[in-house]
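Visitor: I would like a close look at a single part of this protein, the packing inside it. Could you walk me through that in one go?

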Amino acid sequence: MGISRGVGVVLEGVHASVAALDALTLEDSFLASAAAGVGADVDVLQRRYELRLERMELTSRLEAQLAAVKTRDAARAIEFQQAMAPPDATVQDRTYAEMSAVEEIAGVLTLSSAAAGAFVEQSRRVCSLPPVIDALAAGAISWQHARIVADETEGLTPDAAAGLVAHFFDPDAPNPARGAAPGELVPSRFRAKVRAWRERHHPETLQRRHAKSVADRRMEYTPDRDGMAWIRLYLPGDTACAIWNRTTATARGLQGPGEDRTLTQLRPDIAASLLLGAGSASEVGQVPTPRADVLVTVPIFSLLGLTDEPAMLDGLGPIPASMARRLVADGADSFYRVLVDPRDGAPLEIGRTRYRLPETIKQWIRMRDGTCTFPGCNNHSPDNDTDHLTAWEHGGTTGASNLGQLCPKHHRLKHARPWKPTPGTTNEPPGWTSPTGRHYNAEHQDHEPTHWPPGALPAKVVVPSMAAAPLPGPVLAEPVQWEQLLTQMPAWPDPPAEEPAGDNVLEPEALSATDTLWDDFYALPFLLPPDPLKGLPVASL
């Protein structure tokens with residue numbers, strides 16, 4: 001009865017969406033037939049363009065609402081088939097009854113048996129998560145978004161699955177997701193955020209799951225049409241990420257006036273040359289291989305080996321703690337270590353409090369944004385430009401609130417069409433407003449308090465960034481302040497001076513964005529402070 005009432009509510013929404021579509025179609029027909037009689041203050045072509053956008057938006061909502069009807073019906077059909085089985089039916093009889101229902105669903109939806117079985121299973125999971133099916137029925141998310149939740153909750157305990165759903169769909173939940181709502185994110189970005197949350201809260205540690213998956217590494221070869229083929233590698237994430245970034249950096253180094261291949265074409269050419277024994281990456285194009293810098297965001301207790309909390313690898317997502325420790329201990333020169341605040345999971349600053357080095361700002365913006373900030377773009381940070389949101393010549397400053405990552409494509413579009421970014425903050429990337437006035441919220445990182453080692457926390461801790469609150473851990477005799485905890489950490493040495501002494505130092509704000517001094521400056525190597533962990537015992541990897 002509850003599902004029937006739910007379908008009725010959804011159908012009311014469907015009728016409302018259809019009525020709104022009819023109204024837009026009538027307006028468009030009027031503009032098309034009476035263009036000459038429309039007032040001079042109405043731009044007919046612009047309005048008809050906007051009507052297409054509005055109809056596509058409504059159609060997308062209608063598709064989601066109809067998907068909710070189909071999802072509920074698929075789950076309910078299986079329930080009815082099971083209810084029709086006699087009480088003394090054997091397990092085999094019930095299995096065949098469900099198989100028969102799945103085949104019927106496959107027939108009416110023109111799906112293969114396997115696809116119909118997957119759809120039924122996903123429908124059951126979505127219907128078992130009320131906030132998700134309600135969001136789908138309201139048209140707030142697409143079926144792709146709902147299916148992602150179904151996929152990523154597989155294998156979780158009921159409590160963990162409910163926690164994942166609450167994090168993304170309940171604004172009143174503890175530490176809810178910030179920034180753009182699930183339905184405002186393209187499915188691939190939504191999956192990345194859901195998967196990152198899942199990795200942190202899975203009942204089995206990422207370290208243990210990774211150890212099992214490493215055994216499945218492989219290379220796959222798939223012939224394709226037009227004389228082409230695919231080569232796929234299934235590798236540990238840090239290795240795959242390093243290959244991708246190194247290949248991209250080398251491809252960028254090869255680009256120039258005499259090179260007509262695109263970045264996309266250069267990557268496979270470089271990989272093929274290296275795999276087939278053409279020589280080193282530098283010899284592929286007779287140019288030095290540029291450095292491919294990658295950020296590794298590591299909880300400090302995880303880096304010290306006190307917990308196994310996952311780290312975050314730029315361009316990939318969560319990685320096991322042992323992998324992050326190995327990257328740091330091995331001194332991988334293409335990885336930048338970024339420590340996070342144990343109190344709230346936010347990244348600690350790179351460099352000093354005054355950003356005298358523009359390269360330092362660039363790394364901070366990379367860490368804050370993760371990808372190109374343009375709506376729906378997945379381009380990862382090694383390929384992106386750090387752009388002034390408000391141009392230098394229009395009064396824009398060189399600070400976190402006026403900087404954002406843009407891929408080359410959207411960087412050009414920003415200057416060619418009136419897409420307007422909103423200001424960012426130290427920890428929040430900018431949003432965007434389209435030429436037609438639609439606003440797109442920024443995708444925010446989901447920072448969470450660090451996992452503390454057992455026995456490290458009292459029942460109540462007073463720290464500068466939050467009020468006293470109950471926290472997990474044994475009750476200690478004396479209250480422990482944040483400053484006391486810091487005394488147990490290694491002594492992080494100060495970085496070398498960021499500027500030479502003398503009167504020849506310029507403030508970045510005093511230079512135009514087009515000044516050739518910037519080219520010379522960015523060509524300088526970025527020197528990291530000495531590794532404070534060098535020589536210290538590292539936890540077992």
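Guide: Let's start at Phe190. In this predicted model, and setting aside neighbours within four places in sequence, Phe190 touches His145, Ile148, Val149, Phe168, Phe169, Pro182 and Leu185. Phe190 also ranks, with Val132, Leu136, Val149 and Phe169, among the residues with the most contacts inside the largest nonpolar core, a set of 48 residues. In soluble globular proteins, nonpolar side chains tend to be buried together.

Which elements build this core? Helices 1 (2–33), 2 (44–84), 3 (91–109), 4 (113–127), 5 (130–137), 6 (143–153), 7 (158–169) and 8 (187–201) each give two or more residues to it. Helix 2 contributes the most, ten residues. Apart from this core there is a second one of eleven residues, with Cys241, Ala311, Ile319 and Leu327 among them.

One of the contributors, helix 4, deserves a pause. Its 15 residues reach 21 Å from first C-alpha to last, close to the 21 Å expected at 1.5 Å a residue. Buried along helix 4 are Ala116, Phe119, Val120, Gln122, Ser123, Arg125 and Val126. The cover over these buried residues includes helix 2, helix 3, helix 5 and helix 6.

A friendly word on confidence: the average pLDDT is 78, and 72% of the residues score at least 70. Residues 1–5 stay under 50, and the model has four contacts for them beyond four places in sequence. Residues 349–357 are also below 50, with 28 contacts beyond near neighbours in sequence. Where pLDDT is low, the predicted coordinates should not be read in detail.

Definitions and conventions: Residues are numbered from 1 along each chain as its sequence is written. This is a predicted model: local features need pLDDT of at least 70, side-chain atom pairs count only at pLDDT 80 or more; totals for chains, interfaces and linings use all residues. Side-chain values use heavy atoms; hydrogens and water are left out. A nonpolar core is a set of buried Ala, Val, Leu, Ile, Met, Phe, Trp, Tyr and Cys residues joined through side-chain atoms within 4.5 Å. Buried means under 20% relative accessible area, exposed over 50%, partly exposed in between (1.4 Å probe, protein chains only). Helices (H or I, at least four residues) and strands (E, at least two) are DSSP runs, numbered from the N terminus. Contact means heavy atoms within 4.5 Å. The expected span of a helix is 1.5 Å times one less than its number of residues. pLDDT is the predictor's confidence in each residue, from 0 to 100.
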